[in-house]
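Reader: Could you take me through one part of this model in close detail? I would like to follow a single sheet and what surrounds it, and then see where it sits in the wider assembly.

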Amino acid sequence: MSDQTTATEAPQQERPGRASTVLREILSSSTLVVVMAVVASLLIGGVLIVLVDEGVQEAAGYFFSRPGDTFTAIFDELGAAYSAMFTGAVLNLDADTFAQTIRPFTQTLTMATPLIFAGLGLGIGFRAGMFNIGAQGQLLIGATVGAYIGFTWDLPWGLHLLVAILGCLVGGAFWGFIPGILKARTGAHEVIVTIMLNYVALNLVAWLLTFDAFQREGSNNPISPIVAETAQYPKILGSQFNLHLGFLFALACAFGVWWLMERSTLGFELRAVGANANAARTAGMNVTRATVLVMVIAGALAGLAGSAQVLGTEKVLTTATAGSLGFDAITVALLGRSRPLGTVLAAILFGGLRASGPTLQVQAGLPVDIVFVIQALIVLFIAAPPLVRSMFRLPAPAIEKEVAA
Amino acid sequence: MKLELREITKRFGDFTANDAISIVVESGTVHALLGENGAGKSTLMNVLFGLYDPDGGEILLDDQPVEFTGPGDAMAAGIGMVHQHFMLVHPFTVAENVMLGHEDVVGPAKLLDLEAARARVREISHRFGFNVDPDAVVEDLSVGAQQRVEIIKALSRDAEVLILDEPTAVLTPQETDELLSIVKDLRDSGTAVVLITHKLREVKAVADTITVIRRGKVVGTAEPTASQEELASLMVGRDVSMTVDKGPADPGEAMLVVEDLTVVDDATQVTQLDRVSFDVRGGEILAIAGVQGNGQTELAEAILGVVPTAAGTVRLDGETVTGRSIRQALDAGIGFVPEDRTTDGIVAEFTNANNLILDLYDRAPFSKAGAISPSVVRENAQKQVERFDVRTTGIDALTGSLSGGNQQKVVLARELTRELKLLIASQPTRGLDVGSIEFVHKRIIEERDKGVACIIISSELDEVYALADRIAVMYHGRIVGIVPPDTDRDTLGLMMAGAHEEEAA
């Protein structure tokens, strides 16, 4: 083991220092590191829970006379918090019926659905070397187009949903195409452009919602009419659960993205361009085309995340439709190391965290914010793989043995 | 100062990079550490420089054991190192770079004493004839001048032992000669120089003592009077032929015809390639000699279509290829081994299997209807790795983890997978060890004998002589002459400095 620690400290060969190196390091960190990042976040979240708990504070006041009380309070509080999380996100073991027992997990999967879609798109971008921060805007524009089709058009069952989904996809793809073509043609950096387009999208939706065509009749609030039932994702476990067809569609997309990246010539091209654009160009690949395509595909998937919102859970378009999904999806993609399976698992984890929020509040009396703190800690830890490695004494990634001699 | 490394051992996991290596370096001598890439030379020097902790052994200065925990300690003890990749701050001036890390201040305001640094640079530069301006910005300097800045840096800290790690890997032949004379001057002034290299000619030119390292062990010492063949076989561990077996060329029809090819840099409007015309016949190797930066890179890239041409035509087998995409040029039968393989030749994060199809991935049999066939890709990789003797842990190993020579074999194997009409190889053996050079040269000759037209761009005259059927010399974006392969070194040298054939001869 001591060898490995010294090897970690060994100076790296001089490389072009860039933000992309950071991203690359995150994406190449081992599964174990990622899992431990989540564990570390939950543990530190636990520490915070304990610190703010009144019962613990009280017991700590007389720690030196009866230290046992403090520990009992700590364990009680932690037990309550973690069991509330479990109850809220996985299984409710106190429920009377089977449906109520499994309800939390279906809720988790429902919450995970838009994160899977958007995370998959961002993951493609990351692997192709694009820092797409614009899932938020792409999601919103996709949702706008899809919702409009959903509450305005009158189409038969089946076809209406299909057209509405397609609308989400095209809307998101268009919003992704803009930064893609700008980068390819003018070199405009996608980080700046996508961030700005997020604002454009949000304000565009707010503005649209003041028009009769978008605003709900008889309402002064910026809220659209309800999407027609023919354009909603059908519930797959019956009407008592929120889980809708969009989840299965998201899983299908995950498989599709896996095939695209690992098996198709296009994915090979995208990965090559992302890892070394010079070599890709010299090998005859069209880097410009790849850049645009990546953003279009990422935008389309973000648009589908919008469909999970407007055609699935919320059924209306508001300025809050995107919530913080576009940004959470960045964490999901990074946590999933931009691989489809990883992204699905990370999205379910995040879905679970969000689903457990209300239960935490009601059952354990904790502020919902603790969920966001845990999410933020996860971001922090996955952005610093060496920190996690040193915390859990994990071995460093195999260094290149062929030290340039 | 006498430096002694005694039984130094360094392991990385199960891998022993240095196995009980002992060397002694006396002041006023040049000690060459000779070994192939990956033999453990740099690891040893990093141990000496305090960058790695040794697992065993000790370092002695003037017979006193010392322990270095970092480069700072080593420098304070009088050891200076010039790394293969320079450690310079590009936007800083020479003087600023030299003072970096031990900034002296003057006056009550504690301002940087740049004047002292300038004077120091001037003094050292003058003493060894470096011709380096202390106020020049480093990024404007040539590679050779940057290296001299590194040497000044070390000397300004009173280095008595100077380690040069592969110092000539990035230099042109002229710069190499200059460096070697600098090394001799340093030695004569009493400095102990450790020269890490795998280049035999340099070793023979300047070394007083030669230690040969193979696979982390000292396999022997040699006198500088030893022949190149003796040194090479000691280094590689088997007999190596220093000359390529090459039959006479049997050139056919003109395969590549280049007429008035002109390249102008977009940003600076500098003409990089100035009305270049030549032809290459099938079954012939045309070597392009010249000091680096005289348009050779642009010539290769213009033929492939990487850089746009301002004027002129390139015809391959009768068909015009100028103005086409890189992809179309590759499809037309051009194989391309880029000058900088890590930037343009391979994707370091890809597996060997994927790098071996980097420009073949969307052709049959590797893919059908947009879907890559993994089994075919793996079969191909297995075959190529065996055929080209790529030393790797397997086809799924990342190409970035291979040594330079093996990376080059991957590039070459891939480019020779297709049926070629023209092979363009820029600096095909730069940074490669003797064994790999021999291998790469053999493959290129094989292609020639199959009737492929070959263009070899090299700044190493040895390589030019080893391969060429004809030699074109480039200077300032032009071809100053095309001469037969038996033209002597002096004539070529003059032509590389811009003299025309008649003047040179």
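Author: Happy to: what follows starts at one sheet of chain B and works outward from there. Please keep in mind that this is a predicted model.

Let us begin with the sheet. Four strands of chain B form an open sheet in the order β14-β13-β16-β17, with antiparallel pairing. The edges are taken by β14 (271-281) and β17 (319-320) of chain B; each has a single partner strand, so one side of each is left without a neighbour in the sheet.

At the β17 edge, the partner is strand β16(B), residues 311-316, which runs antiparallel to β17(B) and is joined to β17(B) by 2 bridges. If you want a residue pair to look for, Leu316(B) stands opposite Glu319(B) in β17(B).

Next, the helix on this sheet. Helix α9 of chain B, residues 296-304, packs on the sheet and touches β13 (254-264), β14 and β16 of chain B. The direction of the helix makes about 65 degrees with that of β14(B). How many residues of α9(B) are buried? The count is 9 of its 9 residues, which makes the helix mostly covered. Polar and charged side chains appear in this buried set too: the members include Gln296(B), Thr297(B), Glu298(B) and Glu301(B). Also among them are Leu299(B), Ala300(B), Ala302(B), Ile303(B) and Leu304(B). Just after α9(B) comes Gly305(B), with a positive phi of about 100 degrees.

Back in the sheet, one residue deserves a closer look. Arg315(B) lies in strand β16 of chain B. Is Arg315(B) buried or partly exposed? Arg315(B) counts as partly exposed because 16 C-beta neighbours lie inside 10 Å, while a buried residue would need 20 or more. Leaving out residues up to four places away in sequence, Arg315(B) touches Val257(B), Thr320(B) and Val321(B). A long-range pairing shows up here as well: Arg315(B) and Leu256(B) are 59 residues apart in sequence, yet their C-alpha atoms are 5.7 Å apart in space.

Now for the surroundings within chain B. The chain is divided into domain 1 (3-236), domain 2 (243-333 + 419-505) and domain 3 (348-416). Taken over C-alpha atoms, the centres of domain 1 and domain 2 of chain B are separated by 34 Å. Between these two domains, 10 residues of domain 1 are in contact with 8 residues of domain 2. On the domain 1 side, the elements that give two or more residues are α6 (173-188) and α8 (228-236) of chain B. The largest share of that side, 3 residues, comes from α8(B). By class, the domain 1 side has 5 nonpolar, 4 polar and 1 charged residues.

A hairpin elsewhere in chain B makes a useful companion to the sheet. Strand β11(B), residues 209-214, and strand β12(B), residues 217-222, run antiparallel and are joined by 5 bridges. Within this pairing, Ile210(B) stands opposite Ala222(B) in β12(B). The hairpin has 2 residues between the strands, and Arg215(B) takes a positive phi near 45 degrees there.

Stepping out to the other chain, 28 residues of chain A are in contact with 43 residues of chain B. On the chain A side, α1 (2-9), α11 (265-275) and α12 (277-282) of chain A are the elements that give two or more residues. The largest share, 5 residues, comes from α11(A). Sorted by class, the chain A side divides into 13 nonpolar, 8 polar and 7 charged residues.

Finally, the core. The largest nonpolar core has 261 residues, and Phe117(A), Ala118(A), Leu301(A), Leu195(B) and Ile424(B) touch the most other members. Helix α13 of chain A, residues 287-313, gives the most to this core, with 16 residues. Which residues does Phe117(A) touch, not counting those up to four places away in sequence? They are Ala250(A), Cys253(A), Leu301(A), Ala302(A), Leu304(A), Ala305(A) and Ala308(A).

Terms used: Residues numbered from 1 in each chain as written. Chains lettered and ligands numbered in written order. Predicted model: local features only at pLDDT ≥ 70, side-chain atom pairs only at ≥ 80, totals over all residues. Core = buried A, V, L, I, M, F, W, Y, C linked by C-beta atoms within 7 Å. Buried ≥ 20, exposed ≤ 12 C-beta atoms within 10 Å, placed from the backbone. Contact = placed C-beta atoms within 7 Å. Domains from an automatic or database assignment. Nonpolar A, V, L, I, M, F, W, Y, C, P; charged D, E, K, R; others polar. Pairing = 2+ DSSP bridges. Axes fitted to C-alpha atoms, helices over the stretch in contact; angles between N-to-C directions.
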